[in-house]
Amino acid sequence: MISKKYEYNKKWRKKNKEKFNETMRKIMRKYRINALKIVGKGNIKCSNCGCDKVEILEINHIKGGGCKELNKGKDSYKFYKNIIKGSRNTDDLNILCHVCNHAYFVKQKYGIEYDIILKPSSIL
């Protein structure tokens with residue numbers, strides 16, 4: 001049996017989709033930043049190159065398996081929440097920027113190493 005509160009919330013979310021989505025984005029950003037703080041032990045920066053742009057930082061599974069973990073029904077919200085609650089051990093995690101994380105993936109999967117050189121660009 002579906003409760004009246006559930007039905008009300010469902011209708012409200014449908015009617016106020018933009019407001020609901022904005023609220024959820026703010027909540028997810030807060031969870032993500034808190035999870036990054038825990039994984040980085042207070043340091044929110046890439047453990048490889050030192051990048052501190054939160055928008056491009058990612059939590060890396062050092063031994064691989066990140067997709068498998070998230071595909072086991074654990075979406076990123078639950079992943080971050082478990083890190084924050086302490087029910088997800090973080091010894092096998094680190095923080096990498098998107099560029100370093102991709103280079104790490106290529107090295108792990110194909111054995112190819114790259115030297116990453118970041119420099120300011122006039123494109124952005």
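Val 99, Phe 105, Tyr 110, Ile 112, Tyr 114 and Ile 116 make up a nonpolar patch on the surface, and together they offer about 590 Å² of accessible area. Such patches take residues with over 30% relative accessible area and no salt bridge, joining nonpolar side chains (Val, Leu, Ile, Met, Phe, Trp, Tyr) within 5 Å and like charges within 9 Å, with areas from the Shrake-Rupley method, a 1.4 Å probe and, for residues, only the protein chains shown as cover. The model is predicted, so local features need pLDDT of at least 70 and side-chain atom pairs count only at pLDDT 80 or more, while totals for chains, interfaces and linings use all residues. Residues are numbered from 1 along each chain as its sequence is written, and side-chain values use heavy atoms, with hydrogens and water left out.

**Confidence**

- The chain averages a pLDDT (the predictor's confidence in each residue, from 0 to 100) of 89, and 93% of the residues score at least 70.
- Among the elements of the chain, which are DSSP runs numbered from the N terminus (helices H or I, at least four residues; strands E, at least two), strand β2 (residues 93-97) has the highest mean pLDDT, 96, and helix α3 (residues 66-71) the lowest, 76.
- Where pLDDT is low, the predicted coordinates should not be read in detail.

**Surface and exposure**

- Tyr 114, a member of the nonpolar patch, lies in the segment after α5 (98-110) and is exposed, with a relative accessible area of 55%; here exposed means over 50%, buried under 20% and partly exposed in between, using a 1.4 Å probe and protein chains only.
- Lys 10 belongs to helix α1 (residues 4-15) and is partly exposed at a relative accessible area of 45%.
- From C-alpha to C-alpha, Lys 10 and Lys 68 are 30 Å apart in space, and they are 58 residues apart in sequence.

**Aromatic rings**

- Two aromatic pairs are found in a search of the whole structure, where rings of Phe, Tyr and Trp (its six-membered ring) pair if their centres lie within 6.5 Å, and planes under 30 degrees apart count as stacked, over 60 as edge-to-face and the rest as tilted.
- One of them is the tilted pair of Tyr 31 and Tyr 77, at 5.2 Å centre to centre with 35° between the planes; Tyr 31 lies in helix α2 (residues 17-39) and Tyr 77 in helix α4 (residues 76-85), so the pair ties together parts that are 46 residues apart in sequence.
- Tyr 77 counts as partly exposed, its relative accessibility being 27%.
- Phe 79 and Tyr 80 also form a tilted pair, at 6.0 Å centre to centre with 45° between the planes, and both of these residues are buried.

**Charged side chains**

- The count comes to two salt bridges, each defined as a side-chain nitrogen of Lys or Arg within 4 Å of a carboxyl oxygen of Asp or Glu.
- Glu 22 is bridged to Arg 25 with the closest N and O atoms 3.2 Å apart, and because they are three residues apart in helix α2, about one helical turn separates them.
- Arg 88 is bridged to Asp 92 with the closest N and O atoms 2.8 Å apart; Arg 88 is buried at a relative accessible area of 14%, whereas Asp 92 is partly exposed at 28%.

**Backbone**

- Lys 41, in the loop between α2 and β1 (57-61), has a positive phi of about 50° although it is not a glycine.
- Most residues other than glycine have a negative phi.
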